[in-house]
Amino acid sequence: MRGSKTGNGRFGARARAVFMALGLVAAPAAGAVTLQEAYALAYQNDSKFRSVRAETRASGTAIDQARAGFMPNIRLDIDRTETRSSVIRNENAFVGVGARTYRTDNGTITITQPVFRREAIARLVQAKAVVRQAEFTLLAAEQDLMLRTTAAYLTVLAATDSVVLAAAEREAIGKVLDLARERLKSGLGTITNQYDAEARFAVTRAREVEAQNKVRDARQGLREITGKLIDNVQSLRGEFALQTPDPANIDQWVDTALGQNLALQARREAVEVARQEVERQRAGHFPSVNLLVNLNRRDAGSSLVNGSFGPGTLVETSDVTLRVTVPIFEGGLTSAVTAEAAYRFQKVQEDLEMERRSVERSTRASYDGTLSAVNLVQALKQSVTAQQSALELKEQGFKAGLFALLQVLDAQRDLYLARRDYAQSRYDYLLFRLRLKLAAGMLAESDIVGTGAALQ
């Protein structure tokens, strides 16, 4: 009977430990860094996002570069020449024999005003598409940052939950192991029961170490995005509302995604960039028209006139030229680069189709995943309740001699597995909702706030 009373106390303490563990999982973390705060850090420090932002700013100069093709080109050339002249023999009495040096200054201003350049027109249209593509890419990167930050943050939470549950399971198995040893000493148990409990205790201890390693790695994953090691995070609320996608029509979500997905829109602009590149290279076959103005000033220190050195001269000239350049043959270069641009245009068209199919697939998967997650959370919640009841019944049956200790150990294992699955299913639900909005191009900071409402 002493063993039976001990069993009652041991199993009661184990049950309380389980509920305390669940309470710890749902307990609010004082001074914890919130999900919104983590995202603010990520927005400032994530290298991947900062790289895209810098690339977008660089692409923003494309229009100014393209407009330069319509603007006048003004060039000033200044040169100074020192001339040394030596007269060896001269029968002219006015010019003596000997060396003379004089200087010539020459200044030219050349103004070239493009009148017609087909290549410049195509380049300007292309530059506008480049800027639009960069803007869509940046917006897509911002939405991706929201999802990556949330996923990394929830991964830390899930890993922390695993540590808490693993520690609770180890403690519970440890109490069962103590019970098995006491019952063996009192003659009520068997050595087999003790060995089973010892084996299960070793497994749970190893699982706890593994869970601790995963927490450290998850924190480093969050640090990779935020640039800061965050040790204290929030926890998931015990209960929060589960919402199915609205509208409840997968085809509407797909249509929205195909029209609004930011990565897909960036691909469309990439197609336009490639199309204009073909036009730009093909422009090499067309003539160009330029207006040239030359203003020249030449100041010579002295000059040779009729065989004699005379006084210096100052001459100013101005020329206005309308130049039409017609390309005739460049060794096939223009045709070759145009063909290359055409092939690259085909490539980005295929990339666009590939992206379109990927977006449709991810939208459908996220929609179905959200629905499945809602059902799974509800089912696993019931499973936890059922597993708890099954464990209690097997504990009572063990005390009555109806169940072996191994069956009780299996029931404990199943209960903790169900609790882990239940906790993970709720994290998966939150991520599926964000992935669906990301696919539809609708993900915003308000969704970060909404996800944070499920935390405490």
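## Salt bridges

A salt bridge here is a side-chain nitrogen of Lys or Arg within 4 Å of a carboxyl oxygen of Asp or Glu. The structure holds 33 of them. This is a predicted model, in which local features need pLDDT of at least 70, side-chain atom pairs count only at pLDDT 80 or more, and totals for chains, interfaces and linings use all residues. Residues are numbered from 1 along each chain as its sequence is written, and side-chain values use heavy atoms, with hydrogens and water left out. Side chains of opposite charge can pair when their charged atoms come close.

R148 pairs with D144, with 2.7 Å between the closest N and O atoms. Both sit in helix α5 (residues 118-186), 4 residues apart, so about one helical turn separates them. D144 is partly exposed at 22% relative accessible area. The cut-offs are under 20% for buried, over 50% for exposed and partly exposed in between, using a 1.4 Å probe and protein chains only. R275 and E272 also form a salt bridge, with closest N and O atoms 2.5 Å apart. They lie 3 residues apart in helix α8, and therefore about one helical turn from each other. R275 is partly exposed, with a relative accessible area of 35%.

## A long-range pair and a network

D351 and R267 meet through their side chains in a salt bridge of 3.9 Å, N to O. This pair links distant parts of the chain: D351 belongs to helix α9 (residues 333-399), R267 to helix α8 (residues 262-282), and their positions lie 84 residues apart in sequence. D351 counts as buried at 15% relative accessibility. R267 counts as partly exposed at 30%.

Salt bridges also join into a network. Its members are D251, E353, R356, R357, E360 and R364.

## Overall fold

The chain has 11 helices and 4 strands. These are DSSP runs numbered from the N terminus: helices are H or I with at least four residues, strands are E with at least two. Of the 456 residues in the chain, 39% are buried. Contact means heavy atoms within 4.5 Å. Among contacts with a separation of 6 or more, 84% are between residues 24 or more positions apart.

One peptide bond, from D246 to P247, is cis, with omega near 10 degrees. P247 is in the loop between α6 (191-226) and α7 (250-260).

## Two buried threonines

T338 lies in helix α9. T338 is buried, with a relative accessible area of 11%. Beyond its neighbours within four places in sequence, T338 contacts V278, Q281 and R282. The C-alpha atoms of T338 and V278 are 5.8 Å apart, although the two residues are 60 residues apart along the chain. The T338 side chain also reaches the backbone oxygen of T334 at 2.7 Å. That is a polar contact (a pair of N or O atoms within 3.5 Å; within protein, one must be able to donate a hydrogen and the other to accept it, and residues adjacent in sequence count only if both atoms are side-chain atoms).

T104 lies in strand β2 (residues 98-116). T104 counts as buried at 6% relative accessibility. Not counting residues up to four places away in sequence, T104 touches D79, R80, T81, R298, D299 and A300.

## Pocket and cavities

Rolling a probe the size of a water molecule over the atoms shows where empty space is left. On a 1 Å grid over the protein atoms alone, a cavity is a set of points where a 1.4 Å probe fits but cannot get out; a pocket is an open set with protein on both sides within 12 Å along at least five of seven lines; lining residues have an atom within 4 Å of a point. Grid points are joined across faces, edges and corners, and a volume is the space filled by probe spheres set on the points.

The largest pocket has a volume of about 370 Å³. Of its 20 lining residues, A140, D144, A263, E355 and L438 are the closest to its centre. Helices α3 (47-59), α5, α8, α9 and α10 (405-439) each supply at least two lining residues. The largest share, 6 residues, comes from α5. The lining divides into 9 nonpolar, 6 polar and 5 charged residues. Here Ala, Val, Leu, Ile, Met, Phe, Trp, Tyr, Cys and Pro count as nonpolar, Asp, Glu, Lys and Arg as charged, and the others, Gly among them, as polar.

There are 2 cavities of 30 Å³ or more. The second largest has a volume of about 40 Å³. A180, R183, G189, T190, N193, F398 and L405 line this cavity.
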